[in-house]
Amino acid sequence: MPITKRGIEVLRDPSLNKSTAFTEEEKQALGIVGLVPDVTESEDLQLSRVMMQLGHKTTDLDRYVYLVNLLDHNETLFYRTIMSDPARFLPIVYDPTIGEACLKFGHIYRQARGMYLSITRRGKVKDILKNWPQKDVRFICVTDGGRILGLGDLGANGAGIPIGKLELYTACAGVPPQYLMPMYLDAGTNNEQYLHDPLYLGMRKTRPKTEELYSFVDEFVAAVQEVFPKCCIHFEDWTGSDAVHLLGRYRDKYCVYNDDVQGTAGIVLAGMINAARIKGTKLSDEKYLFLGAGSAGIGLANLLCSAMAEEGLTLKQAQSHVYMFDINGLLETTRKDLFDFQKPYAHKHAPTHDFVAAIESIKPTTIIGVSTVGGTFTKEVVETMARLNERPVILALSNPTEHAECTPEQAYTWSKGKAIYAAGVQFPPVQLNGQTFLPGQANNFYIFPAIGMAIFATQAKRVTDQMFIESARAVADQVPNDLLKQGLLYPLQSNILETEIQTAARVAKLAFDAGLARVDRPTDMVSFIRRHVYKPMYSSAASAKKAA
Ligand code: NAI
């Protein structure tokens with residue numbers, strides 16, 4: 001794209017700024033001679049300076065703040081940095097550091113990123129969306145801060161989440177950053193601490209009634225269709241019931257998805273497919289007990305049942321393989337406090353508030369922690385699972401780290417090395433009795449960026465559950481047998497871009513097959529995806545010359 005800006009404006013635009021890497025020709029053409037040091041550094045040299053400066057930081061939060069600042073000044077160098085070593089940088093720009101960054105969002109805030117729209121702007125949403133500088137927006141990641149990670153209602157402090165999530169679209173799957181818009185819908189917060197914090201950046205009001213919130217979201221979703229007709233809306237970190245209800249409200253009408261519901265389901269399904277591969281079974285041979293029946297749990301249960309149905313079960317049969325336990329005990333038919341979407345998983349069973357007793361009676365082969373509460377997979381839970389199963393599958397998915405239902409060390413030690421384990425966050429390998437165990441990270445970042453890339457490239461009209469099942473299969477297929485043997489359920493993060501390109505290609509094929517794509521079908525799906533991948537490289541001097 002030719003550069004139309006000149007002088008200091010070029011340096012102030014993070015998508016154009018090359019800082020110390022402008023050539024003499026570019027400096028002359030852009031009128032920036034004297035405004036930057038009189039050198040022309042290579043991108044590698046710039047990267048080594050960033051690495052050196054990062055090396056001087058003592059905490060991940062400091063590294064996060066440094067990287068956000070880099071993004072504010074030089075987008076290419078930011079992506080070059082995080083894409084150079086995803087396994088190292090993903091935990092800094094996203095989970096688990098993002099949790100701490102959100103808790104302190106108003107305190108570490110430097111510069112606006114994305115849009116902030118409060119419920120007091122009702123009736124004017126369309127006009128406000130037009131203030132966004134980019135006219136072709138393809139993804140809006142939107143939260144109301146209702147349930148941020150496992151940290152609860154963080155209100156405006158949750159604005160860090162859509163920012164981080166969209167960075168992963170680019171870093172993990174190469175979706176070009178100029179098409180991405182983070183969005184915080186401010187409907188207040190019930191978090192007393194923030195309501196009294198002078199540096200809090202949101203409305204100082206408690207949350208409205210559900211109908212009022214939903215009518216605001218209705219206006220927002222409708223306005224997006226008009227202002228950005230090719231845009232897909234990604235809902236993120238709403239409370240469980242809002243997440244499920246809003247997804248149901250829009251999914252058949254618009255291009256929307258909810259990552260907590262569908263992305264989580266996709267990545268956990270990938271892990272389950274590989275756990276079954278290790279055990280030599282099928283998904284429909286297993287029995288599942290969830291701890292937590294919120295948006296993540298329900299989304300996963302629904303997708304898992306669709307996948308079991310594809311193995312030949314009826315939906316009812318598939319649902320009979322899935323049990324759930326929440327804060328009020330086992331979901332069973334006499335419970336009067338269940339949401340409609342939880343009822344398919346409430347089976348005939350005596351009421352119980354004792355998770356271990358539920359395991360003894362139901363005899364699950366897999367337990368899945370999506371409860372938000374750390375330590376809930378106790379020694380007794382793991383030992384019971386190991387007594388009932390040759391290879392118990394234990395997925396402790398709540399995050400951030402201290403919210404994991406159990407650590408890999410606990411799962412492997414308490415099960416005497418029998419557990420097949422994955423967490424929602426990254427844990428280091430565990431040594432036990434001379435064996436190395438590789439705990440997988442069931443992180444959605446293997447799924448949603450790849451789905452995003454497929455939608456971006458195909459301009460798909462809808463996001464379907466089949467896309468999440470297909471992406472789960474594609475992710476699972478990319479774990480080599482030798483790593484599977486060490487218990488690894490997910491591909492290595494060091495190669496994440498290539499993994500996601502392959503996954504996106506399979507999802508794109510599905511979009512074409514289902515008639516959802518709005519572009520011509522290519523002959524080779526992988527090279528089609530590659531053509532759309534963003535590369536963190538400066539544009540050439542030729543563009544600068546043209547502008548001159
Ligand atoms: P949610 O708030 O919608 O649901 C939480 C559920 O846990 C509710 O059913 C609640 O009744 C239950 N619960 C709470 N305390 C409990 C206790 N002591 N014992 C049993 N059940 C209890 O939250 P959501 O969206 O379902 O997320 C749950 C967790 O999953 C969060 O920590 C989130 O960070 C994590 N998550 C992990 C992902 C991943 O690893 N890929 C992706 C999305 C979410």
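## A bridge at the sheet's edge

Let's start small: Asp326 has Gly329 in β8 as its bridge partner. In this predicted model, β7 covers residues 322–326 and pairs with β8 in the antiparallel sense, over two bridges.

Zooming out, those strands belong to an open sheet of seven strands, in the order β8-β7-β6-β9-β10-β11-β14, and the pairing is mixed. The edges are β8 (329–330) at one end and β14 (440–441) at the other, each pairing on one side only.

## Helices across the sheet

Two helices are worth a look here. Helix α14, residues 259–279, lies across β6 (288–291), β9 (366–369), β10 (393–396) and β11 (420–423), and it runs at about 160° to β10.

Helix α15 spans residues 295–310 and lies across β6, β7 and β9. Relative to β7, helix α15 runs at about 175°.

## Two nonpolar cores

The largest nonpolar core has 157 residues, and the members touching the most others are Leu67, Leu129, Ile140, Met183, Phe220 and Phe235. There's also a second, separate core of 30 residues, with Phe325, Ala358, Phe427 and Phe437 among them.

Back in the largest core, take Met183. Leaving out residues up to four places away in sequence, Met183 touches Met115, Leu117, Leu129, Ile140, Cys141, Val142, Thr143, Pro162 and Phe220.

## Aromatic pairs

If you like ring geometry, there are 19 aromatic pairs to go through. Phe355 and Phe377 count as stacked because their ring centres are 6.0 Å apart and their planes sit at 5°. Phe355 is in helix α17 (residues 355–362), while Phe377 is in the loop between β9 and α18 (379–388), so this pair ties together parts 22 residues apart in sequence. Both Phe355 and Phe377 are buried.

Tyr446 and Tyr490 are stacked too, since their ring centres are 5.9 Å apart with the planes at 15°. This pair links distant parts of the chain, 44 residues apart: Tyr446 sits in the loop between β14 and α20 (448–458), and Tyr490 in the loop between α22 (481–485) and α23 (496–513). Both tyrosines, Tyr446 and Tyr490, are buried.

## A cluster and a charge over a ring

Phe235 turns up again in an aromatic cluster, together with Trp238, Tyr250 and Tyr254.

One more ring to check is Tyr179: the charged end of Arg138 sits over it, 5.3 Å from the ring centre.

Methods: Residues numbered from 1 in each chain as written. Predicted model: local features only at pLDDT ≥ 70, side-chain atom pairs only at ≥ 80, totals over all residues. Heavy atoms only, no water. Pairing = 2+ DSSP bridges. Helix = DSSP H or I, 4+ residues; strand = E, 2+ residues; numbered from the N terminus. Contact = heavy atoms within 4.5 Å. Axes fitted to C-alpha atoms, helices over the stretch in contact; angles between N-to-C directions. Core = buried A, V, L, I, M, F, W, Y, C linked by side-chain atoms within 4.5 Å. Buried < 20%, exposed > 50% of the residue type's maximum accessible area, 1.4 Å probe, protein only. Phe/Tyr/Trp six-rings, centres within 6.5 Å; stacked < 30°, edge-to-face > 60°. Lys NZ or Arg CZ within 6 Å of the ring centre and 35° of its normal.
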